[in-house]
Amino acid sequence: MITPISIIILVKEVSTKGCKLWMQERVENGPLRGFLEFPGGKIEEGETPKDCAIREFSEECSVELSHVEQFKMNSFDYNDRSVCLFSFFSRGDDKSPSGGAWFDFQFDSKSLPYKDKLLEANYEIVDDFLNYLKKHVDAGFLENIWVRTS
């Protein structure tokens, strides 16, 4: 059985070198305790992945996000479960979340400085997200990712 989960990547201080991402340390008992993860959780029955991401971020970080964008969806198999991760992102320059900390990420080294500190599924998400941001920074289109029109 695959568990659907939504997460939020809150980002701030994007520069030509990198950015800061908001992450939390897992506190539950078990083999993943102490690893860094993005705020998020299981999608409830009748809830959209986007609504879940916003709800979970509010519950875990005490901040209401009015605008989030879907970044990607991917599946990951842990030893004890399989998850389908719906990853969303939001701008956090004017946010003061609780229950975690801002972590520096550089475009050139990506997730490498956090080896053995991130949940396995998050390495791909972090690296792909940093590549996405860098392409927009290099092209001068960073502001275009925050608000999309249909």
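Ala, Val, Leu, Ile, Met, Phe, Trp, Tyr, Cys and Pro are counted here as nonpolar, Asp, Glu, Lys and Arg as charged, and the others, Gly among them, as polar. With these classes, the lining of the second largest pocket consists of seven nonpolar, three polar and eight charged residues. The model examined is a predicted one. The second largest pocket encloses about 260 Å³ of space. Its lining is made up of 18 residues, and those nearest the centre are Pro31, Leu32, Tyr78, Leu119 and Glu120.

The largest pocket holds about 500 Å³ of space. Two or more lining residues come from each of the strands β1 (2-12), β2 (18-25), β4 (40-42) and β6 (82-91), and likewise from the helix α2 (120-139). In total, 22 residues line the largest pocket, and Ile5, Arg26, Glu37, Gly40 and Gly41 are placed nearest its centre. Sorted by class, this lining contains nine nonpolar, six polar and seven charged residues.

The interior was examined next. The largest nonpolar core comprises 32 residues, within which Leu21, Phe38, Phe89, Phe129 and Leu133 have the most contacts. At least two residues of this core are supplied by each of β1, β2, β5 (69-77), β6 and α2. Helix α2 provides the largest share, with eight residues. When neighbours within four places in sequence are left aside, leucine 133 is in contact with Val11, Val14, Cys19, Phe107, Leu142 and Ile145. A second core, separate from the largest, has 14 residues, including Ile8, Val68, Cys84 and Phe88.

Phenylalanine 86 is part of strand β6. This residue counts as buried because its relative accessibility is 14%, and buried means under 20%. Along the chain, phenylalanine 86 and isoleucine 5 are 81 residues apart, yet 6.1 Å separates their C-alpha atoms. Isoleucine 5 is also among the contacts of phenylalanine 86 beyond four places in sequence. The other residues in contact with phenylalanine 86 on this basis are Pro4, Ser6, Ile7, Ile43, Pro49, Gln70, Lys72 and Met73.

The cysteines were checked for disulfides. A disulfide is a covalent bond between the sulfur atoms of two cysteines. The structure contains zero disulfides. For cysteine 19, the closest cysteine sulfur belongs to cysteine 61 and lies 16 Å away, so the two are too far apart for a bond. Cysteine 61 is likewise in no disulfide, and the cysteine sulfur nearest to its own, in cysteine 52, is at 13 Å. The cut-off applied to a pair of cysteine sulfur atoms is 2.5 Å. Cysteine 19 is classed as buried, with a relative accessibility of 4%, and cysteine 61 is also buried, at 0%.

Positive phi values were found in residues other than glycine. Serine 62 has a positive phi of about 60° and is located in the loop between α1 (49-61) and β5. Its relative accessible area is 58%, so serine 62 is exposed. Aspartate 116 also has a positive phi, near 70°, and is located in the loop between β7 (101-106) and α2. With a relative accessible area of 58%, aspartate 116 is exposed.

Terms used. Residues are numbered from 1 along each chain as its sequence is written. This is a predicted model: local features need pLDDT of at least 70, side-chain atom pairs count only at pLDDT 80 or more; totals for chains, interfaces and linings use all residues. Side-chain values use heavy atoms; hydrogens and water are left out. On a 1 Å grid over the protein atoms alone, a cavity is a set of points where a 1.4 Å probe fits but cannot get out, and a pocket is an open set with protein on both sides within 12 Å along at least five of seven lines; lining residues have an atom within 4 Å of a point. Grid points are joined across faces, edges and corners, and a volume is the space filled by probe spheres set on the points. Helices (H or I, at least four residues) and strands (E, at least two) are DSSP runs, numbered from the N terminus. Buried means under 20% relative accessible area, exposed over 50%, partly exposed in between (1.4 Å probe, protein chains only). A nonpolar core is a set of buried Ala, Val, Leu, Ile, Met, Phe, Trp, Tyr and Cys residues joined through side-chain atoms within 4.5 Å. Contact means heavy atoms within 4.5 Å.
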